[in-house]
Amino acid sequence: MIEEKLALSIPSPCEPFQPNWKHADKLNLFVKRDDLIHPVISGNKWRKLKYAIDELPKHTSRVVSFGGGYSNHLHALSFVCNELGIPFTAIIRGDYSASPTPMIKDLLSWNSELLFVSKKEYQLRESSEYLLNIKLRYPDAEIIPEGGKQLSALKGVGEIIEELTFKPDYVLVPVGSGATLAGLIPKLSISQHALGIAVLKGKGYLETEVERLLPSSATNWSINHDYHHGGYAKRSPELTQFCQTFAQNNTLLIEPVYTGKLFYAAKKLIEDNYFRSGAKILIVHTGGLQGARD
């Protein structure tokens, strides 16, 4: 089994969470610790990749995917491919050849091929003509979309809910590509609510992406756009201070790109009495702690 081969800890634990936030004592808070699945292949990255990797055709000669210079998705996928002996090509937005990020340095150490492309070319990553050219360049390659946003990802993400031993009233998750939120929604009943916290400026766009991935229409979800702190990988002084204070008060690790914004939003919403008293709130820790590196 691939999870055993990669030494993954599945299912991940779900732990009570008791922060010293105003009104937090009126709620039942829990954190789904997907960050503990693996030191590298952690969180929603493994959830989204699980079936894509497990169902690779036997004749697959290479895996190709897309991401930015700090991509958690590329980081996890590169490691998996290296462990399984599958050649991997990362098509990266922007040229980092002169100053590689820690993520890119890891990809190089895991024998990945890196193709730095312009932002204009990167925008073509979902066009049929561009994907055909990749196929011509790499025959028998399997192309995995940016962020692992393929339909099989939804099945893997849904297993987060299947692993629970209780029924949360709210499930909070950060939203970048929309795939994780879309995977959770079908596993919830109409009385449960999935609340996405946008980590980038994408009002309207993110909702459309989630709807496109959902197998059917659903109304038990929403995305809050108030806590992106300037955009993707951007941080405000308030977010920086929050992450520092959180680290001092908790053994739970977060980073400013995804989980920092998630927990910041949870704190603000709880303090504003967004949730009814006594509600069970599940915060999904989606991993990606490598994003905290400068």
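This passage describes a helix pair, a strand pair and an aromatic pair in a predicted model.

Helix α10, which spans residues 237-249, packs against helix α11, which spans residues 259-271, with the two axes 10 Å apart and at an angle of about 90°. Because angles of 65 to 115 degrees count as roughly perpendicular, α10 and α11 are therefore described as roughly perpendicular to each other. On the side of α10, the contact is made by Glu-238, Leu-239, Phe-242, Cys-243 and Phe-246, and these meet Gly-260, Lys-261, Phe-263, Tyr-264 and Lys-267 of α11. When the residues of this contact between α10 and α11 are divided by character, six are nonpolar, one is polar and three are charged.

Two of the residues that α10 contributes to this contact, Phe-242 and Phe-246, also belong to the aromatic pairs, of which a search of the whole structure finds 17. The rings of Phe-242 and Phe-246 lie 5.7 Å apart, centre to centre, and with 45° between their planes the pair is tilted. Phe-242 and Phe-246 are four residues apart in helix α10, and they are therefore separated by about one helical turn.

Elsewhere in the chain, strand β8 (residues 193-198) and strand β9 (residues 221-224) run parallel and are joined by four bridges. Within this pairing, Ile-197 has Asn-224 of β9 as its bridge partner. Between the two strands, the chain passes from β8 through helix α9 (residues 205-213) to β9, and the resulting β-α-β crossover is right-handed.

Terms used
Residues are numbered from 1 along each chain as its sequence is written. This is a predicted model: local features need pLDDT of at least 70, side-chain atom pairs count only at pLDDT 80 or more; totals for chains, interfaces and linings use all residues. Side-chain values use heavy atoms; hydrogens and water are left out. Axes are lines fitted to C-alpha atoms, for helices over the stretch in contact, and angles run from 0 to 180 degrees between N-to-C directions. Angles under 35 degrees count as roughly parallel, over 145 as roughly antiparallel, 65 to 115 as roughly perpendicular and the rest as oblique. Contact means heavy atoms within 4.5 Å. Ala, Val, Leu, Ile, Met, Phe, Trp, Tyr, Cys and Pro count as nonpolar, Asp, Glu, Lys and Arg as charged, and the others, Gly among them, as polar. Two strands pair if DSSP finds at least two bridges between them. A crossover is right-handed if, with the strands pointing away from the viewer, the path from the first strand over the helix to the second runs clockwise. Rings of Phe, Tyr and Trp (its six-membered ring) pair if their centres lie within 6.5 Å; planes under 30 degrees apart count as stacked, over 60 as edge-to-face and the rest as tilted.
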